[in-house]
Amino acid sequence: MELGQQDGLNVCQCEKCRALYGTGDDWSEKFWLFHRHLAERMERECPGLTVMIISYALTGDPPKTFRRFPKNVMIELCDYTESSFMRWNGYEVPCGFSAYLYLWGNYPLPGYTPKRSFESLADLAARLRRHNVKGLYRCGGRGLEAIEGPQYYYLDRLLSEPGADAAKTLAEYCDAAYGPQAGAKIREFFTILDRCLVPFCRESMGHFEASAAERERQRLQTPLTILAHVYEPAAVAKMQAALDAAEALPMTEREKIRFRRLKIEWAYAKNLGAIATGWFRYWEKPCAERFRPIAAEVRFRRKLLDRVFDADFRAKFRKDWPDAPLFHGEPREMAERNGCLGATIY
């Protein structure tokens with residue numbers, strides 16, 4: 001059973017609650033004591049039940065007044081950096097830890113574009129294993145099953161096979177997903193894309209994966225700066241050439257369906273990258289000549305979304321991918337904004 005306060009919390013203003021557990025205005029400690037009390041009650045009334053207490057927001061730091069939890073408690077960490085694990089040294093958590101992963105979904109800064117390098121996933125998997133994390137919750141779904149497919153596959157492989165080689169896993173994935181001939185060219189596409197993502201991931205792993213001070217020092221703090229950084233024109237040209245070459249090679253009908261999805265997700269990311277690079281070029285020297293390419297890309301974006309979404313603003317091609325709809329099945333409005341929260345491009 002998961003136990004924890006939610007987003008948007010407003011604490012009670014009455015004196016009785018303020019006096020609860022003798023913590024006054026220290027609501028972090030008040031919640032930890034309250035959650036421990038509930039776990040103790042569950043231990044008596046529901047033996048065998050595990051209570052998974054979320055360490056998040058007000059409870060992001062460990063408790064100050066006690067270091068031992070009841071034997072039925074697991075702690076779910078929303079901050080799973082090395083420094084976060086270090087803060088829990090010396091605490092007795094009988095059922096161990098789980099992690100609430102903010103790796104994918106539509107809210108990290110890159111939005112509906114690829115987010116994670118293989119290097120960053122290998123580092124994360126090693127850290128989770130090193131600290132004996134027993135379970136994972138993937139926040140926000142995925143939604144980019146084609147262009148992020150190798151990343152999902154590689155993390156799954158790392159969790160069952162520590163130290164799995166990224167290049168070999170990518171080759172295995174591409175051969176299985178697109179056939180050995182087209183797969184070799186598509187592997188080139190993903191290899192270049194991964195190299196483009198490495199600097200971003202090293203500097204900014206995103207939501208709750210760096211301290212507040214570290215996030216302040218990061219250069220890539222907006223979707224536009226990230227997109228312009230990742231989708232550098234020369235690299236984009238090489239990626240497009242690899243996909244064009246793959247399209248001319250033999251594929252089964254099932255592989256062609258998967259390839260069509262990859263093309264749609266790539267067109268979305270490439271277009272946003274072109275808008276971002278054009279935007280910064282325009283501000284170096286605002287003029288009509290530099291504005292026209294941006295306008296053309298915006299028009300292309302509208303046509304792309306017209307092709308992807310139907311009159312009910314739902315993604316098409318649902319028969320092709322019934323279990324994994326485009327953009328996680330979100331309405332067109334979400335794709336127009338590039339996602340929600342930090343990913344939004346107005």
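This report walks through a predicted model of one protein, from its overall build to single residues.

**Overall build**

The protein has 346 residues, and 49% of them count as buried. It holds 13 helices and five strands. Along the principal axes, the C-alpha atoms fill a box of roughly 65 × 45 × 40 Å. The exposed surface comes to about 17600 Å². Carbon and sulfur atoms supply 54% of that surface. Among contacts with a separation of 6 or more, 66% join residues 24 or more positions apart.

**The nonpolar core**

The largest nonpolar core has 95 residues. Those with the most contacts inside it are F69, I75, I186, F189 and L262. Helix α11, which spans residues 253-284, gives the most to this core, with 12 residues.

F69 deserves a look of its own. Leaving out residues up to four places away in sequence, F69 touches W32, I53, P63, I75, W88, Y91, E92, V93 and P94. I75 is thus on two lists: it is a contact of F69, and it is among the residues with the most contacts inside the core.

**Aromatic pairs**

How many aromatic pairs are there? The count comes to 25. One of them joins W27 and F31. Their rings are tilted, 6.2 Å centre to centre, with 50° between the planes. W27 and F31 are four residues apart in helix α2 (residues 27-45), so about one helical turn separates them. Both are buried.

A second pair joins W32 and W88. This one is edge-to-face, because its planes are 75° apart and the cut-off for that class is over 60 degrees. The ring centres lie 5.8 Å apart. Here the pair links distant parts of the chain. W32 is in helix α2, while W88 is in the loop between α3 (82-87) and β4 (97-101). The two are 56 residues apart. W32 and W88 are both buried.

W32 and W88 also belong to a cluster. Ring pairs link them with F66, F69, Y91 and F97. F69 appears here again, and its contacts include W32, W88 and Y91 from this cluster.

**Charges over rings**

Two charged residues sit over aromatic rings named above. The charged end of K30 sits over the ring of W27, 4.9 Å from its centre. R36 lies over the face of F66, at 4.2 Å from the ring centre.

**Cysteines**

How many disulfides does the structure hold? The number is zero. C95 is in no disulfide, and the nearest cysteine sulfur, that of C46, is 14 Å away. A disulfide is a covalent bond between the sulfur atoms of two cysteines. C95 counts as buried because its relative accessibility is 19%, and the limit is under 20%. C287, at 23% relative accessibility, counts as partly exposed.

**Residues to find in the model**

The table places four residues.

| Residue | Location | Relative accessibility | Class |
|---|---|---|---|
| M334 | helix α13 (residues 332-337) | 15% | buried |
| T59 | loop between β2 (51-55) and β3 (73-77) | 0% | buried |
| Y21 | loop between α1 (15-19) and α2 | 35% | partly exposed |
| H328 | loop between α12 (288-308) and α13 | 40% | partly exposed |

Start with T59. Beyond residues up to four places away in sequence, T59 touches Q5, S28, F31, W32 and I54. Two of these contacts are familiar: F31 is the partner of W27, and W32 is the partner of W88.

M334 comes next. Not counting residues up to four places away in sequence, M334 touches N106, Y112, G339 and C340. M334 and D7 are 327 residues apart in sequence. In space, their C-alpha atoms are 20 Å apart.

Y21 and H328 stand out by their backbone. Most residues other than glycine have a negative phi. Y21 has a positive phi of about 60°, although it is not a glycine. Phi of H328 is near 60°, again a positive value in a residue other than glycine. Both residues lie in loops. Y21 is partly exposed, with a relative accessible area of 35%. H328 is partly exposed too, with 40%.

Technical notes. Residues numbered from 1 in each chain as written. Predicted model: local features only at pLDDT ≥ 70, side-chain atom pairs only at ≥ 80, totals over all residues. Heavy atoms only, no water. Phe/Tyr/Trp six-rings, centres within 6.5 Å; stacked < 30°, edge-to-face > 60°. Buried < 20%, exposed > 50% of the residue type's maximum accessible area, 1.4 Å probe, protein only. Lys NZ or Arg CZ within 6 Å of the ring centre and 35° of its normal. Disulfide = S-S within 2.5 Å. Core = buried A, V, L, I, M, F, W, Y, C linked by side-chain atoms within 4.5 Å. Contact = heavy atoms within 4.5 Å. Areas by Shrake-Rupley, 256 points an atom, 1.4 Å probe, with all protein chains shown as cover.
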